[in-house]
Every structure is written in structure tokens, then in C-alpha cells.
4 protein chains.
Amino acid sequence: MPVLGKTRKEVLTEFRMEELLEAARKLFAEKGFHGATVDKIADAAGVAKGTVYLYYRSKRAIYWAALERGIAAMIEEVQTQVDAEETLEGKIRAFITIKLCYFERNRDFFKIYISEFGSAFTHPVQIRKRFGDLYLRQARVLEALLREGIKRKAIRSIRADTAALAISDLTRGIITQRLLGWSKGGVESDIRFIFDLVWKGIAAP
Amino acid sequence: MPVLGKTRKEVLTEFRMEELLEAARKLFAEKGFHGATVDKIADAAGVAKGTVYLYYRSKRAIYWAALERGIAAMIEEVQTQVDAEETLEGKIRAFITIKLCYFERNRDFFKIYISEFGSAFTHPVQIRKRFGDLYLRQARVLEALLREGIKRKAIRSIRADTAALAISDLTRGIITQRLLGWSKGGVESDIRFIFDLVWKGIAAP
Amino acid sequence: MPVLGKTRKEVLTEFRMEELLEAARKLFAEKGFHGATVDKIADAAGVAKGTVYLYYRSKRAIYWAALERGIAAMIEEVQTQVDAEETLEGKIRAFITIKLCYFERNRDFFKIYISEFGSAFTHPVQIRKRFGDLYLRQARVLEALLREGIKRKAIRSIRADTAALAISDLTRGIITQRLLGWSKGGVESDIRFIFDLVWKGIAAP
Amino acid sequence: MPVLGKTRKEVLTEFRMEELLEAARKLFAEKGFHGATVDKIADAAGVAKGTVYLYYRSKRAIYWAALERGIAAMIEEVQTQVDAEETLEGKIRAFITIKLCYFERNRDFFKIYISEFGSAFTHPVQIRKRFGDLYLRQARVLEALLREGIKRKAIRSIRADTAALAISDLTRGIITQRLLGWSKGGVESDIRFIFDLVWKGIAAP
DNA sequence: TATGAATGAGAGTTCATTCAT
DNA sequence: CATGAATGAACTCTCATTCAT
């Protein structure tokens, strides 16, 4: 009997998938794709090995689900917060802030995210493309902002796509530094640092 | 019989290690750490599998050797060129330029380098630390420059260590974009882009 | 409420078993015992996997049921037609003809039948014996004919049991050839071929 | 240093392959393809599991090697003995005799052989074809004899290809009966039975 | 009665590492 | 010093069977 548009079965399925995803996320983050075994994922999720395959077609599929889910959630959060800001400056600052905060809150996910980055070159083309698309999608949120700023002469005339990726790189980089314990400053300080660098770097004279 | 301070044996050993390293670099770059098998590395180097273990203690050891060797060579090249420049601006530009060119010339190495970055979080602490030290060493070349610039008031008062890492991130990022085919501009254009962003971002007002 | 000696429940049970058998027969024929999964059998029969086990104790049990059922039906058909013939020659010809036609009509069953033959040696003794009994039962229909023929001097003095099996082998062989596309002749031609060979081979001089 | 055209390595390789084949043959015969595990084959051959894969690419490959090897040896033996006979009658009798004796001597092989027969319909087309070719090859030895006999009017005008397969079926059938303990007669008696049936069945009037 | 989610033993295969030659 | 055959632990994935609902 469907309740709220979902049958009992669907709810259970969703629950199991989420449970498995959570366990997988933790393990992938801790040990990387190869280090995490399906056995351990099943164990961590509290189910038998075979059960994993009732919900995901392969180990890779779980990995992808974790990755895609995380990026999608991040994009959504970023987009929402950027939209909530009124000034261009505020929007760009929000972009940096939210990404940084999101990753701080989802460290496990960030580790998978960054690891996939590292594998970008060794994966088959189609997998690489799939991740690329995902990654570029979030960069494009920023790109649109930059383009608007350039049009309004608030930002000097630069390649908006490259700049967007560069800002993403900076943000990603600072998070890496934080997680590795290389950055001594607080989050606030790090955000301010990145933003200042970027804003001074791209603002119209 | 020692020649130039090296015995015949030492020369041969060095030669074999180099040969193996080259083969390994190519394979690690192409297939990643897990995808590259010792069998294939031995094959590519033209020796038997067992021979590999006469020169390196493990597969990981080869990987590390490839990584360390590459980073050391890069640092050296960067240092030399930075020293050759006279102005602060020139030195910073050189830092970016040389790194970018070095990686363009040594794509195989870059792929390993970037991949290790991705694994930074899944490795045991001591391995992570070892890579960190290596990575930070090159950043410190830049950090010293920035510190000097700040002292001379050519650069505004920023955290030199964080800034150095940020500039490294930017450089690494643009190379990634280039290798993935995301950057449409030429090398010159990319260098100029990064440098402008950085210089405007950090220069004293 | 019993109807025609069967309760409603019994009718339903029989119906389900038949339905499952049909589905199983098709799958076993197509993929062999190991290739056919209980999942697919259940699917093909339009029931859930668990339901299968309400009607059959195991996958093997379904297989056996399919096999026994098929052989029993064949024996019945053969016996009926043989009885309908009047001459010895006619009876033997009928034996060959009916078997061949039966298998032509029930190719799925034949594939299982022939496959079980192949496994005859790898099965545990009791299973082997069970199949043997089944197989020998049909041969005995023929054996009886031969024995009668020998007594009446229409057939030369041969070992009736061995001859019966030999004729069965010939018949089985020709069907195999037909199903594998090795026999170019029509059914009629194949029947005539076998019968001539056999009749000339066993007839009294 | 090559000795007798074979290097030490080649001899060792051949030895291991033979050793594995023997172990595999026994297990396949006893348990069938699915029942025999690579683990057990390795065990029986006295090597580790991984070693098996140094000599054969897959479990299937071992199976095929066993099958092909056995059939080839049989064909050779049959051909040699058939050639040694002078009369047509003698040749046909030799064909039956040698096959029967070969299988009596190589029971393990026969079990695999017969089992493959059973799987003929469930295997992919190319595998089926491969076995078919192998099987037909031995039948063709006989076919040539029959064709010659027909030309010389010693044999009545029959389809030589179908007859050859039929005689093969008879031979195979009698061996099956023997191995299953259904045939009470001695080898001699069985051979005579088959030959008489066949010869009377095909001889010109 | 019917379901299908859950199980977990067990399959084939790979590969870093060792060691006798 | 060089070899490469041998190892065996570890991997992912399958599927017959069970059992709570």
C-alpha cells in the first residue's frame, strides 16, 4: 500500500542503499577504492556480502553512487547559497565558503572526490568523461557568475571557464591542506585568504 | 675497479634501476598503481620478474622511487631557473613556467604525481608524511620568494606558506586541465593567466 | 470440496507444478542444468523464487521431475503405437518412428534427456540408477518385441537386451544428428535408414 | 642447452601440462566439469592453484585440452589399425574394435567425452562447433571406408555420412552400456555383436 | 499459500613476492 | 647477478536455499 508515494518496499530499498552507501563512503575514504573490499563494506553495513549485490551491480557502482551523490548534493548546496546572495562579491565568496564547509562536513566524501581526481588519467575514457562532466558542472555555476561580472565590468576581461576551474582548484587545494593538517589557520581565515587572492586577482582595476 | 668514484658494479646497478624506473613510470602513468603489474614492468624493462626485486624491495618502492626522482628533478630545475631570474616578479613567473613546462615534458610523471595526491588520504601516515615532505619542499622554494617579497613590501602581508601552496595548486590545476583537454589556450596563454591572477592577487596595493 | 476426486487445492498444486515444469524444461534445455538458475525458472513460471520451493524440494528435483515426466510420456506413446501395429516389422518400425517423432516434437525435453545421458557417470550412484531404470524401461518395450521375434525365428538369435539398447542408441543418435543439423535427410528418410539398417542387421537369414 | 630438440624448460612445461591434464581428466570424469574445481585439480596434480594458470588459461582450457588430446589420440590409433587391415570387413571391424578398446583403456576420457556430448546443445555455438568438428573427424575415417565399399559394391547404396555416424553411435552406446554395467557380455562378444549388426545391415545383398 | 530479501559458501582468476637453479 | 616457476592469499561476484512477513 503506497504511502506518500512510496511503497514499503521502496522505503526499505532506499534505506538499504543509503546504509550501504554510508558504509562504503567511509571505507573508500579510509582505504581507497582498491583497499576497500566488498566484504568489509557489507560487514560495515551489517549485511551479508551477497546482499550488497542486491542493491548495487558492482563494487564500482557503489563507488560511483557515492561520488555522484556527494557531488550532486554539493552542487545543490552551493547553488542555493549562491542564489541567496545579492552581490557578485557575495556570490563568489559564498561559492568558496560553501564548498569548503561542505567538504569539512563531509570529509569522507572529499577523500573519495580527491582520489577520483588522482585517477582521472588512468581510468578508461568513458569513466573519465563521466567524472569530468560531474566536476565541470559545479565549475559552471561559478563560470556563469564570472561571465556576468565580466559583462558588468566588475571583473576584468579574463577567460571565464579557465578562471572558474582555477578558483575551484584553489578551493580544493585549501581543503586538502586543511585535511592534511598543513593549514594552521581557521576556516574563516582560509576562506578570507582564498577570496582575497581571487578577488584581487580578477577584479577590474 | 673504481672509475670516477664508482665501481663497475655500481654503474650497472644504477643503470638497471634507471631502466626499471623508466619502464615503471610509463606503466604507472598509464594504468595507475594497481593496474600496473610487476610482470609488465619487468617486461617493459627487459628483465625477468625476479630481477626487479634485486633492485627494489617492492612494487611500492619502485613507485616511490619514480615519484621522488621526478619531484627532485623538478625542484632542481625550478630552483635553477628561479635563481637565474633577477626580479621577484620574474622569479615567480619562472616558478610557474618551469613547473608547467616540466610537467608538459614529463606527462607520465605528472600522472603519477597527481595520482599520489589523490591517494594522500588513504595511505598510512608515514607514507603520507613522506610525500608531504617532498611536496612541501618545492612549495618552500616559492614560500621563500614570497616571504622576501613581503619583507620588501612588494607583496602584501599574507600567509606566505599558504600562498605558496595555493600557487602550487593553481599551477597543478592548470596542468591537469591541459592534460585532460579542458584548457583550450596555449601554454603561453595559460602561464600568463595564472601569473596575472596570482600577481594581482598578492601584490602590494 | 472434492471434484472429480480432486480437491481444489490439489488441482491448484498440480497446475503450479506443471507450470514450473514447463518453464524449467525450457530453461534446462537452453542452458543446461547449471546454466539455468532457480531465479529464472521462477520468473519464467511467473512466480516468486520462494514459491518454487513450495512445490519442489530442490533445483535437482525439478530437473528430475522434468526428466521422468518426459520419459514416461514417451514410453506411453511408444507403447500405444507399438501395440497398434500388427506385424513384428511394423512394431519395430513404429518404435523407431514414434521415438523420433516424440523427440522432434519435444526438443526441449530431448536436450535434457541427452544431457542427463552425458552426466550419467558423474552423478551419485543412486541418481544414476534412477535414470538407468527409467531409460531401460523404454528399451524393454523393444526388448520384448525382439524376444518374441527370436522365438518366432523372424529374428536371428541375438542378445535381445543388448540389441534393444543398440537400437535405442541408433535412434537417439539420429535425433542428435538432426538437432545438430548434421543430418541432411528428412524425417522419413532417416527413419527408413535406421529401420533398414536394423532390420537387415537382425532379421533371420 | 637443447637436447633432442627440446630445452629443459620445454620438457618441464610439457611434464607439468601432462601432470595437470591427468589430474584434471580424473576429476572431470569423476565429477563433471562443474563438480571439478580448479582447487581440487591443482591439489590432485600436487601444485598450488596459481600454478594451474601458468599452464592453462582457464578451467575450460584444461577441459578442452583433455578432450582434444583424447580424441586426437583415439583417431590416430583408429587410423593406424584401420590402415593395417587389408579387407574392407577387417577395416570396419578394426574401427569398432579399436574405439571400444581405447575407451575401455581410457575410461576417464570416455566419461568426459560422453559428457561433452550431453552438453552439445547447451554450449555456445562456437564451442559446439569445435567439438562437432573433432567428433566428425573420427567419423570421417569410417565414412571414407564406407564410400569405398559402396563404390566397390561390397556395401549397398546408403548414405555414407549418416551410416558412419550411426556406427559411431552404436560403438559409443555399447561402451556406455559396458561402463554402466548394463552389458553382461565380454568385449569380444560385444564387438562381434556390433559388427554383425552393422555388417549385415549395410552389406550388399 | 506466496513472497522475495537475505544469506554465505564457494567459484574462477590475478598477482606481489619468494627462492632454487 | 639473473631467472621465472611456483606460491597462495585475496579478490569480486553468483546463486541455491531459507524464513520472516
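A polar side-chain atom of Thr51(A) sits 2.5 Å from a phosphate oxygen of DNA strand E. This is a predicted model. Thr51(A) is also among the residues that come nearest to DNA strand E. Chain B and chain A bury about 3700 Å² between them, whereas no contact joins chain A and chain C.

**DNA strand E**

- There are 33 residues around DNA strand E. Those that come nearest are Thr51(A), Tyr55(A), Thr51(C), Tyr55(C) and Lys59(D).
- Of the strand E atoms that come within 4 Å of the protein, 62% belong to sugar and phosphate.
- The backbone of chain A takes part too: an N or O atom of Ala48(A) lies 2.7 Å from a phosphate oxygen of DNA strand E.
- A base is approached from chain D. A polar side-chain atom of Lys49(D) is 2.8 Å from a base oxygen of DNA strand E.
- Chain A supplies at least two residues of the surface near DNA strand E from each of α1 (8–35) and α3 (49–55). In chains B, C and D, α3 (49–55) likewise supplies at least two residues each.
- By class, this surface has 14 nonpolar, 9 polar and 10 charged residues.

**DNA strand F**

- The protein places 32 residues around DNA strand F. Lys59(A), Thr51(B), Tyr55(B), Thr51(D) and Tyr55(D) come nearest.
- Sugar and phosphate make up 62% of the atoms of DNA strand F that come within 4 Å of the protein.
- Chain B reaches base nitrogens of DNA strand F. A polar backbone atom of Gly50(B) is 2.9 Å from a base nitrogen. A polar side-chain atom of Lys49(B) lies 3.5 Å from a base nitrogen.
- Chain D reaches a phosphate. A backbone N or O atom of Ala48(D) is 2.8 Å from a phosphate oxygen of DNA strand F.
- In chain D, α1 (8–35) and α3 each give at least two residues to the surface near DNA strand F. The α3 helices of chains A, B and C each do so as well.
- The surface near DNA strand F divides into 14 nonpolar, 9 polar and 9 charged residues.

**Interface of chain B and chain A**

- Each partner is well represented by count: 46 residues come from chain B and 46 residues from chain A.
- Of the buried area of about 3700 Å², 71% is on carbon and sulfur atoms.
- The two chains are joined by 2 salt bridges. In one salt bridge, the side chains of Arg159(A) and Asp190(B) meet at 2.8 Å, N to O.
- The interface also has 6 residue pairs in polar contact, both residues at pLDDT 80 or more.
- On the side of chain B that touches chain A, at least two residues come from each of α1 (8–35), α6 (107–119), α7 (125–151), α8 (160–179) and α9 (187–202). Helix α8(B) gives the most, with 12 residues.
- That side of chain B comprises 21 nonpolar, 14 polar and 11 charged residues.

**Chain pairs without contact**

- Chain A and chain C have their closest C-alpha atoms 13 Å apart, and no contact joins them.
- Chain B and chain D do not touch either. Their nearest C-alpha atoms are 13 Å apart.

**Local geometry in chain C**

- Helix α7 of chain C spans residues 125–151 and bends by about 30° at Ala139(C).
- Lys153(C), just after α7(C), takes a positive phi of about 65°.

Notes:
Residues are numbered from 1 along each chain as its sequence is written. Chains are lettered from A and ligands numbered from 1 in the order in which they are written. This is a predicted model: local features need pLDDT of at least 70, side-chain atom pairs count only at pLDDT 80 or more; totals for chains, interfaces and linings use all residues. Side-chain values use heavy atoms; hydrogens and water are left out. Contact means heavy atoms within 4.5 Å. A residue is near a molecule or strand if one of its heavy atoms lies within 4 Å of it. A polar contact is a pair of N or O atoms within 3.5 Å; within protein, one must be able to donate a hydrogen and the other to accept it, and residues adjacent in sequence count only if both atoms are side-chain atoms. Helices (H or I, at least four residues) and strands (E, at least two) are DSSP runs, numbered from the N terminus. Ala, Val, Leu, Ile, Met, Phe, Trp, Tyr, Cys and Pro count as nonpolar, Asp, Glu, Lys and Arg as charged, and the others, Gly among them, as polar. Buried area is the accessible area (1.4 Å probe) that two parts lose on being put together, summed over both. A salt bridge is a side-chain nitrogen of Lys or Arg within 4 Å of a carboxyl oxygen of Asp or Glu. The bend at a residue is the angle between axes fitted to the seven residues ending there and the seven starting there.
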